[in-house]
Amino acid sequence: MESVEHEDTKANAPSVIDRYYTRWYRADMKGKPCEDHCILQHSNRICVITLAETHPILQNGRTIKSINYQISNGCSRLENKVSGKSKRGGQFLTDFAPLCRITCTDETEYTIYSCIRGRLLEVNENILETPNLLLEKPSTEGYIAVILPKFEESKSITENLLNRDEFENIVSKRSSAQSQPS
């Protein structure tokens, strides 16, 4: 009897992400339909940039050909060097700063943006070696980058973002619009 109770609590326990992070979304990034980003904001201000479950990369069994953190000739997110307790030296990003470009095997290219202003703490180099992490575990091991907003901006960064209910509302409107005959 005890083991059944134990399994029940385990099944209903929130995931680490649901427990410690607030999910924020940016829908239709830069006007591109369905290119949705998810920002996981921890109570310590740190934000993890991931793909929203509705992003085209995660749809229709797509596979990833390459991930490139080289933004321009003079700017590579892989060259980001952060040091010390105050995280000095990290690249400063605006909310539309490109983080990486992901090319799928069908040659479709997607640019992933930071979505928030802040200092780049790290990019996920593991997805360079194992791109499938991005497809299989986009919210955990397949994250794109970690950003630390300025302390004084940490409350206001979510002003341009959608909470989960607002995002789900947009997604449901999108799918009902697609299912209606033209």
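Helices (H or I, at least four residues) and strands (E, at least two) are DSSP runs, numbered from the N terminus, and these labels will guide the walk through the structure. With them, one can place G84, which sits in the loop between β6 and β7.

The model is predicted, so local features need pLDDT of at least 70 and side-chain atom pairs count only at pLDDT 80 or more, while totals for chains, interfaces and linings use all residues. Residues are numbered from 1 along each chain as its sequence is written, and side-chain values use heavy atoms, with hydrogens and water left out.

To return to the loop, G84 has a relative accessibility of 48% and therefore counts as partly exposed, where buried means under 20% relative accessible area, exposed over 50%, and partly exposed in between (1.4 Å probe, protein chains only). The C-alpha atoms of G84 and T94, which are 10 residues apart along the chain, are separated by 22 Å. Strand β6 (residues 75-76) contains S76, and this residue is buried, with a relative accessible area of 8%. Leaving out residues up to four places away in sequence, S76 touches Y69, Q70, I71 and Q91, where contact means heavy atoms within 4.5 Å.

The strands can now be followed into their sheets, with the rule that two strands pair if DSSP finds at least two bridges between them. One open sheet consists of six strands in the order β1-β2-β3-β11-β10-β7, and its pairing is antiparallel. Its edge strands are β1 (21-26) and β7 (92-93), each of which pairs on one side only. Within this sheet, strand β3 (residues 47-51) and strand β11 (residues 145-148) are joined in the antiparallel sense over three bridges, and V48 stands opposite V146 in β11. Strands β10 and β11 also pair in the antiparallel sense, over four bridges, and here V123 is the residue that stands opposite A145 in β11.

In a regular strand the side chains alternate between the two faces of the sheet. In β11 both faces are covered, since A145 and I147 on one side and V146 and L148 on the other are all buried. Strand β3 also holds T50, which counts as buried because its relative accessibility is 0%. When neighbours within four places in sequence are left aside, T50 is in contact with H37, C38, L40, P138, S139, Y143 and I144.

A second open sheet is formed by three strands in the order β4-β8-β9, again with antiparallel pairing. Its edge strands are β4 and β9, each pairing on one side only. Neighbouring strands of this sheet are turned by 20° against each other on average, direction ignored; for such values, axes are lines fitted to C-alpha atoms, for helices over the stretch in contact, and angles run from 0 to 180 degrees between N-to-C directions. Five bridges join β8 to β9, which run antiparallel, and C100 stands opposite I112 in β9.

What lies between such elements can be described through nonpolar cores, a nonpolar core being a set of buried Ala, Val, Leu, Ile, Met, Phe, Trp, Tyr and Cys residues joined through side-chain atoms within 4.5 Å. The largest such core has 31 residues, of which I67, I102, L134 and I144 touch the most other members. At least two residues of this core come from each of β3, β4 (64-68), β8 (98-104), β9 (109-113), β10 (118-123), α4 (132-136) and β11, and β8 gives the most, with four residues. Not counting residues up to four places away in sequence, I144 touches I49, T50, Y69, L99, C100, I102, I112, V123, N124, I127 and L134. Apart from this core lies another, of 12 residues, among them C38, L40, Y143 and F167.

The structure also holds one aromatic pair, where rings of Phe, Tyr and Trp (its six-membered ring) pair if their centres lie within 6.5 Å, and planes under 30 degrees apart count as stacked, over 60 as edge-to-face and the rest as tilted. Y25 and F167 form this pair, which is stacked, at 4.0 Å centre to centre and 5° between the planes. Because Y25 lies in strand β1 and F167 in helix α5 (residues 164-179), the pair ties together parts that are 142 residues apart in sequence. Y25 counts as buried at 0% relative accessibility, and F167 counts as buried at 2%.
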